[in-house]
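Biologist: Hello! Could you walk me through this structure and explain the words you use for it?
Modeller: Happily, let us look at it together.

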Amino acid sequence: LREEQQRGQEELTTLLSSRDHAAGQLEKLKKAAEQAAAEAQKVLQGKQLDLEKVVKERLLLEEGQEGLQQLAEQLQQQHRSSTEKHEEEVQQLQQSMQEASMKYQSEQTLL
């Protein structure tokens with residue numbers, strides 16, 4: 001009976017030791033899983049920040065493109081206006097030259 005009691009006590013000690021070892025391993029695994037989750041969270045946050053940066057840059061590019069398009073339209077309008085004004089000035093100069101020429105010819109005729 002004593003031997004069986006002794007063996008039972010040894011098995012109980014072995015089982016308790018195994019249980020404690022398994023609990024320690026479980027705790028290590030739990031900590032490793034928490035650390036992996038924290039690392040994954042950091043990576044996800046980094047990816048989200050990268051994505052937000054890309055989106056912001058894209059919006060800035062689109063705004064810049066719209067601004068350039070508006071500027072191009074303004075420059076085209078200014079060019080058209082300038083060309084029209086130049087054509088008017090040329091016509092006025094031609095008309096003035098014709099009038100001066102006619103006046104000169106009429107003065108030459110009078111002389």
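**Charges along a helix**

Modeller: A surface patch of negative charge is formed by Glu-84, Glu-87, Glu-88 and Glu-89. This is a predicted model, where local features need pLDDT of at least 70, side-chain atom pairs count only at pLDDT 80 or more, and totals for chains, interfaces and linings use all residues. Residues are numbered from 1 along each chain as its sequence is written, and side-chain values use heavy atoms, with hydrogens and water left out.

Biologist: What makes Glu-84, Glu-87, Glu-88 and Glu-89 a patch?
Modeller: Patches take residues with over 30% relative accessible area and no salt bridge, joining like charges within 9 Å and nonpolar side chains (Val, Leu, Ile, Met, Phe, Trp, Tyr) within 5 Å. Glu-89 has a relative accessible area of 38%, so Glu-89 passes the cut-off of over 30%.

Biologist: Why is Glu-89 called partly exposed?
Modeller: Buried means under 20% relative accessible area, exposed over 50%, and partly exposed in between (1.4 Å probe, protein chains only). The 38% of Glu-89 lies in between, so Glu-89 is partly exposed.

Biologist: What makes Glu-62 and Arg-58 a salt bridge?
Modeller: A salt bridge needs a side-chain nitrogen of Lys or Arg within 4 Å of a carboxyl oxygen of Asp or Glu. For Glu-62 and Arg-58 the N to O distance is 3.0 Å, so the pair qualifies.

Biologist: And how do you know that Arg-58 is exposed?
Modeller: Its relative accessibility is 53%, so Arg-58 counts as exposed.

Notes. Areas by Shrake-Rupley, 256 points an atom, 1.4 Å probe, with all protein chains shown as cover. Lys, Arg positive; Asp, Glu negative; His and termini not counted. Charge placed at Lys NZ, Arg CZ, Asp CG, Glu CD.
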